[in-house]
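Subject: A structure for you to look at

Dear colleague,

I am handing over a structure that I have been going through, and I would be glad if you read the notes below with it open beside you. Please take your time over each part.

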Amino acid sequence: MRDHLIFWLNGVRREVRGGDAFLMLSEYLRGRLGLAGTKIMCAEGDCGACTVLVAEPRAGERPRYLPIDSCIRFLFQLDGCHVVTVDGLAKDGSLAAVQQAMVDCHGSQCGFCTPGFVMALVGGCHAMAQGQDLDWRKELSGNLCRCTGYVSIFEAAERAATAPDWLATRFADDAWIHEGVRLRRESLDLRGEQDGGPMRVSSPASLAEALEERRGPEPRVVAGATDLGVLWNKGILRPRHWLDLARIPTLQGLEIEESAAGRTLVAGPLATWTDCLAICGAECPEFVPILEAFGGPQIRHVGTLGGNIINGSPIADSLPLLFTMEATLELASAAGTRQVPIDEFYKGYKQLDLAADELLVRVRMPLPAPADLLRLIKVSRRRDLDISTFTAAILIRRDAERIAAARIAYGGVGPTVMRMRAAEQALVGRPFTEETFRHAGEVAAGEIRPLTDVRGTADYRLQLARNVLLKCYHEQMVAAG
Ligand SMILES: Cc1cc2nc3c(=O)[nH]c(=O)nc-3n(C[C@H](O)[C@H](O)[C@H](O)COP(=O)(O)OP(=O)(O)OC[C@H]3O[C@@H](n4cnc5c(N)ncnc54)[C@H](O)[C@@H]3O)c2cc1C
Ligand code: FES
Ligand code: FES
C-alpha cells in the first residue's frame with residue numbers, strides 16, 4: 001500500500017505527501033508551486049479558465065492528453081498521470097503554435113480566460129493529430145470569454161490546427177507511462193492534515209478492497225468529482241475520508257451484450273461521458289445530442305455515469321433515458337450484490353435505495369429496437385454548459401397504425417425523475433394521431449406538480465410536459481414524409 005502520490009507535471013516527476021494531496025490541482029499549482037498561469041475564476045467547472053491537460057498512462061498506447069478543469073480535480077486523483085499546464089508549453093523560449101496563433105489573431109484582451117483557451121486548443125490540436133474529427137465550436141464549449149469574443153479565438157484555432165502536434169514534440173519522452181501504469185495498479189492510502197483536521201483517501205485497486213473499506217465509518221465515495229468538487233469548493237461538503245474508485249478496472253468501460261431479448265448496454269459506473277459518446281454514436285444515436293450538451297469537454301472527460309446516477313438530481317441528463325429503457329442498477333456490498341430497477345431506486349429528493357456499505361458497480365440498459373421511436377429532450381436556458389430546466393425521454397413502439405407500447409420519463413417536474421404512467425396508458429392501444437398525443441400531453445400535465453425556480457416557472461414546465469408529446473408526434477410525421 002503506497003502512502004504518497006506520484007505524478008508528472010510538465011514532464012517532471014513529482015512526489016506529494018501529506019495534506020497537499022487533498023488540494024484541488026489548481027490550488028496546488030498556484031499556491032504551492034507558484035505556477036500562476038492556470039487561472040481560477042468560478043471554481044465550479046463552469047468557465048474553463050483553469051483548464052489543464054491530463055494523460056492517463058495506458059500500456060502500449062501513445063498518451064492521450066484530455067482537457068479537464070483543474071479547479072474541481074483533487075490532486076490525489078492524478079496519481080500516475082501526466083499533467084500539462086500552460087506554464088509548461090513553451091520550449092527553448094518558443095511559444096507553442098497555439099499561443100502564437102492567439103497572439104497573431106488577437107485572441108486575448110483581459111487575458112483571464114486565455115490560458116484555459118490555450119490549453120483547450122492545444123488539446124484539440126492534439127486530438128486532431130491523433131485522427132479525431134473535431135468541431136471547434138463544440139470543443140471550446142467548456143471555455144467562456146467575456147471580453148474578446150469567440151471569432152478571433154476560432155481563427156486562432158483554425159490556424160494552429162495546421163501546425164504539427166505540439167505535445168508530441170514538447171513531451172516526446174513517454175518514459176513516464178511505464179511507471180505510471182504500474183502506479184495505477186497499486187492501492188493507495190494517503191493521509192495528511194487539512195483545515196486543522198486529519199484527511200485520508202483510500203484508493204483501492206480491487207472491488208473487494210473497496211467494499212471492505214466501504215464497511216468502515218462512511219468514507220465518501222468519489223468518482224470524477226465533478227459534483228463533489230463543486231460542493232467541496234463551496235464548503236458544503238467536507239468529508240475527512242475519501243474512497244476513490246478510479247483504479248478499479250472492473251468498474252470501468254462499456255460493452256454491448258447480445259441476447260434473445262435484444263441488445264443491452266452494460267456499463268461500469270466509472271464510464272465517463274466521453275466513453276459513452278464513443279459508443280452511443282453507433283448504439284444509441286438519440287443520446288448523442290444530449291451527451292454533446294453535457295457540461296463541456298472538460299466535464300465529459302472525467303464526469304461519470306455512476307456519479308450522475310448516485311448524485312440523483314431530478315434534472316440529471318442520463319436519467320430520463322435510463323428510466324425509459326428500464327435500466328437496472330447492480331449494487332454491491334461485502335455481503336453480496338442485488339439488482340434494482342432504476343425507477344425503484346429513487347425514493348424522494350436525493351433519497352436512494354442504497355445502503356451505507358453499498359456501491360453501484362454496474363448499469364444495464366436495454367437498447368431500443370431498430371423500429372422503436374425514441375425521443376430525448378433537454379430544455380435549458382443556454383445551449384452549452386447549462387443545467388436542464390426540463391428533460392424528457394419518450395419511447396413509442398408501433399403496431400401498424402396503433403401504439404403498441406409507450407414509455408415516458410420526465411425530469412425537472414418533481415423531486416425525482418418520474419415515469420409518466422398515466423400518460424403512457426393514454427397512448428397504448430390508441431391510433432398514432434395528433435389527437436392521441438395531445439390527449440396524452442394533458443394527462444401528463446395532470447400527473448405532475450412542478451415547482452417554480454430560477455430555471456423556469458411551474459406553468460412553463462406544465463406547458464413543456466404537454467408539448468413535448470405533440471412535438472414527438474410532429475417530428476415523427478415530418479421524418480416519415
Ligand atoms: C460545469 C458542470 C456542468 C455539468 N453539466 C451537467 C449536465 O449537463 N448534465 C448533468 O446531468 N450533470 C451535469 N453536471 C453534473 C456532473 O458532472 C454529473 O452529475 C456527473 O456525471 C457526476 O459524475 P462524477 O463522476 O463527477 O461524480 P462525483 O462527483 O465523483 O460523485 C457524485 C456522487 O456519486 C457518488 N458516487 C459516485 N460513484 C459511485 C459509485 N460507484 N457507488 C456509489 N456512489 C458513487 C459520490 O459519492 C457522490 O455522492 C455538471 C457539473 C459541472 C461541474
Ligand atoms: S475556474 Fe472556472 S472552470 Fe475552473
Ligand atoms: S480575454 Fe477577457 S475574458 Fe476572455
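Before any distance between domains is given, it helps to know that the domain bounds used here come from an automatic or database domain assignment. Please also keep in mind that this is a predicted model.

For the protein chain, that assignment gives domain 1 (1–186), domain 2 (250–366) and domain 3 (373–479). The C-alpha centres of domain 2 and domain 3 lie 21 Å apart, and the contact between these domains takes 19 residues from domain 2 and 24 residues from domain 3. On the side of domain 2 that touches domain 3, the elements that give two or more residues are helix H14 (319–324) and strand E14 (346–348), and of the elements there H14 gives the most, with 5 residues. Sorted by class, this side of domain 2 has 12 nonpolar, 4 polar and 3 charged residues.

The next part concerns the ligand. Ligand 1 is surrounded by 30 residues, of which the closest are Gly45, Ala223, Gly224, Gly307 and Asn308. Strand E8 (220–222), helix H9 (228–233), helix H13 (305–311) and strand E16 (359–366) each supply at least two residues of this shell, and the largest share, 5 residues, comes from H13. By class, the shell around ligand 1 has 15 nonpolar, 10 polar and 5 charged residues. Because domain 1 (1–186) and domain 2 (250–366) both give residues to the shell, ligand 1 lies between them.

The last part is about strands, and you may like to follow it along the chain. Strand E6 (residues 188–194) and strand E7 (residues 197–203) run antiparallel and are joined by 7 bridges, with Gly192 standing opposite Met199 in E7. The hairpin of E6 and E7 has 2 residues between the strands, and in this hairpin Asp195 takes a positive phi near 50 degrees. E7 is also joined to strand E9 (residues 241–244), by 3 bridges, and these two strands run parallel; here the bridge partner of Val201 is Trp242 in E9. As you look along such strands, remember that in a regular strand the side chains alternate between the two faces of the sheet.

With best wishes

Technical notes
Residues are numbered from 1 along each chain as its sequence is written. Chains are lettered from A and ligands numbered from 1 in the order in which they are written. This is a predicted model: local features need pLDDT of at least 70, side-chain atom pairs count only at pLDDT 80 or more; totals for chains, interfaces and linings use all residues. Two strands pair if DSSP finds at least two bridges between them. Helices (H or I, at least four residues) and strands (E, at least two) are DSSP runs, numbered from the N terminus. Two residues are in contact if their C-beta atoms, placed from the backbone, lie within 7 Å. Ala, Val, Leu, Ile, Met, Phe, Trp, Tyr, Cys and Pro count as nonpolar, Asp, Glu, Lys and Arg as charged, and the others, Gly among them, as polar. A residue is near a molecule or strand if its C-beta atom, placed from the backbone, lies within 6 Å of it.
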